[in-house]
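Here is a quick tour of side-chain pairings, a surface patch and a couple of strand positions. Keep the viewer open while you read.

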Amino acid sequence: MTAFLITLGLLLVTALTVALVGPSFIDWNGYRALIEAEAGRLAGRPVKIDGDLRVRALPQPRVRAGDVSIFASDDARAMVTAQSVDLHLDLGALVLGNIEISELSLTAPQLQVGPLLAGISSFGERERAPARPGILRQIEASNATLVFDNPFGEGTLTASDVDLQVTASTLTGPYKVTGNYGPGGEGVERPSFTASVGAIDHGGPVKVAGRIGLDVGDASFDGAIDNLALTPRYEGRLKIERQFASAGEGTGGRIAIEAAAELSSGLADLADIKLTAAEGAQALTLTGAGRVNFDGPPRFAADLKARQIDLDET
């Protein structure tokens, strides 16, 4: 999302500079080609705006653009599209040549995560990239769709109906992310997620940590993602845990699995596996190592040792 924001920021600097010295009745749609070309030149990525452009300079600079697309290259598919983008900028910072985004709202964005990560990781190395990244305070996206390259086989994986909020200190991070996903409705409690993401403007490993609510329980992670521009690789801790109620009058139980994981290109190497199943006073623990291969039908191989614990005796 960072490349998308920087591109929009550059586009808006051009637009707002004219707005501050021009009459309020300017038809900004007449400047569409100029704004697209300048934004694409500065950002190093093709930009297309198919919807209306509306600009308000005072009391706070605000720009609304419809049907915005950002491309990785001239012949590539769009890596980001949005039905509409509503952006609020800090006027004082803009006059001084800095981009400070107080609020950015995206409606129905679709993010091609693979191409977007590649663009983000390379942005800081571009000669055209700003020497000083702008300030970013808050992003809100409603009804977003995230499209991932399938690490387990052909095609893509899609996460839809995603609402999220991102806070950051600069356009290149670090970020704090919270949100919900899945269909909503009256009385429906949607799964939630939280994450912290380190700065990603130097092309090196990016620290990530967070929690995701799943149908099977809660998943948490704490590690780093490397090689974003080519084949991303995750190294760190993974944990999935599910609590369940007791069938009788007991205290209930839980099932948890955690491991040190290395994930890359359809292969997961798991070390220090600890699988625990507990109910009442009894607990069964399996420890060991394993590997999951997603090239074709998933295949799992592991070497585990079992230990049963009577909690009444400990």
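Let's start with charges: Glu241 and Lys239 meet side chain to side chain in a salt bridge, at 3.6 Å from N to O. Glu241 is partly exposed at 22% relative accessibility, and Lys239 is partly exposed as well, at 27%. Bear in mind that this is a predicted model.

How many salt bridges are there by this rule? The count comes to 10. As background, side chains of opposite charge can pair when their charged atoms come close. Three of the pairs are set out here, with the closest N and O distance and the relative accessible area of each partner.

| Pair | N to O distance | Relative accessible areas |
|---|---|---|
| Glu241 and Lys239 | 3.6 Å | Glu241 22%, Lys239 27% |
| Asp50 and Lys48 | 3.4 Å | Asp50 47%, Lys48 38% |
| Arg233 and Glu235 | 3.1 Å | Arg233 30%, Glu235 41% |

Asp50 counts as partly exposed, and so does Lys48. Arg233 is partly exposed too, as is its partner Glu235. Elsewhere, Arg62, Arg64 and Asp86 are linked in a network of salt bridges.

Arg64 from that network turns up again around Ser84, which sits in strand β4 (residues 78-89). Is Ser84 buried or exposed? At 7% relative accessibility, Ser84 counts as buried, because the cut-off for that label is under 20%. Setting aside neighbours within four places in sequence, Ser84 is in contact with Arg64, Ala65, Gly66 and Asp67, and also with Ser105, Leu106 and Thr107.

Thr145 makes a nice companion case. Thr145 belongs to strand β8, which covers residues 138-149. With a relative accessibility of 18%, Thr145 counts as buried; the label applies because the value is under 20%. Which residues does Thr145 touch, leaving aside its neighbours within four places in sequence? The contacts are Pro109, Gln110 and Leu111, along with Thr158, Ala159 and Ser160.

Now for the aromatics. A search of the whole structure turns up 1 aromatic pair. It consists of Tyr181 and Phe193, whose ring centres are 6.5 Å apart and whose planes meet at 35°, so the pair is tilted. Tyr181 lies in the loop between β10 (175-180) and β11 (192-197), while Phe193 is in strand β11, so the pair ties together parts that are 12 residues apart in sequence. What about cover? Tyr181 is partly exposed at 24% relative accessibility, whereas Phe193 is buried at 13%.

Last stop, the surface. Which residues make the nonpolar surface patch of about 360 Å²? Ile212, Leu214, Val216, Ile240 and Ile257 do. One of these, Leu214, is found in strand β12 (residues 206-214). Leu214 has a relative accessible area of 35%, which makes it partly exposed. Patch members need over 30% relative accessible area, so Leu214 at 35% meets that cut-off.

If you want views to set up, try two. One is the tilted pair of Tyr181 and Phe193. The other is the nonpolar patch that includes Leu214 and Ile257.

How values were computed. Residues are numbered from 1 along each chain as its sequence is written. This is a predicted model: local features need pLDDT of at least 70, side-chain atom pairs count only at pLDDT 80 or more; totals for chains, interfaces and linings use all residues. Side-chain values use heavy atoms; hydrogens and water are left out. Patches are made of residues with over 30% relative accessible area and no salt bridge: like charges are joined within 9 Å, nonpolar side chains (Val, Leu, Ile, Met, Phe, Trp, Tyr) within 5 Å. Accessible areas come from the Shrake-Rupley method with a 1.4 Å probe; for residues, only the protein chains shown count as cover. A salt bridge is a side-chain nitrogen of Lys or Arg within 4 Å of a carboxyl oxygen of Asp or Glu. Helices (H or I, at least four residues) and strands (E, at least two) are DSSP runs, numbered from the N terminus. Buried means under 20% relative accessible area, exposed over 50%, partly exposed in between (1.4 Å probe, protein chains only). Contact means heavy atoms within 4.5 Å. Rings of Phe, Tyr and Trp (its six-membered ring) pair if their centres lie within 6.5 Å; planes under 30 degrees apart count as stacked, over 60 as edge-to-face and the rest as tilted.
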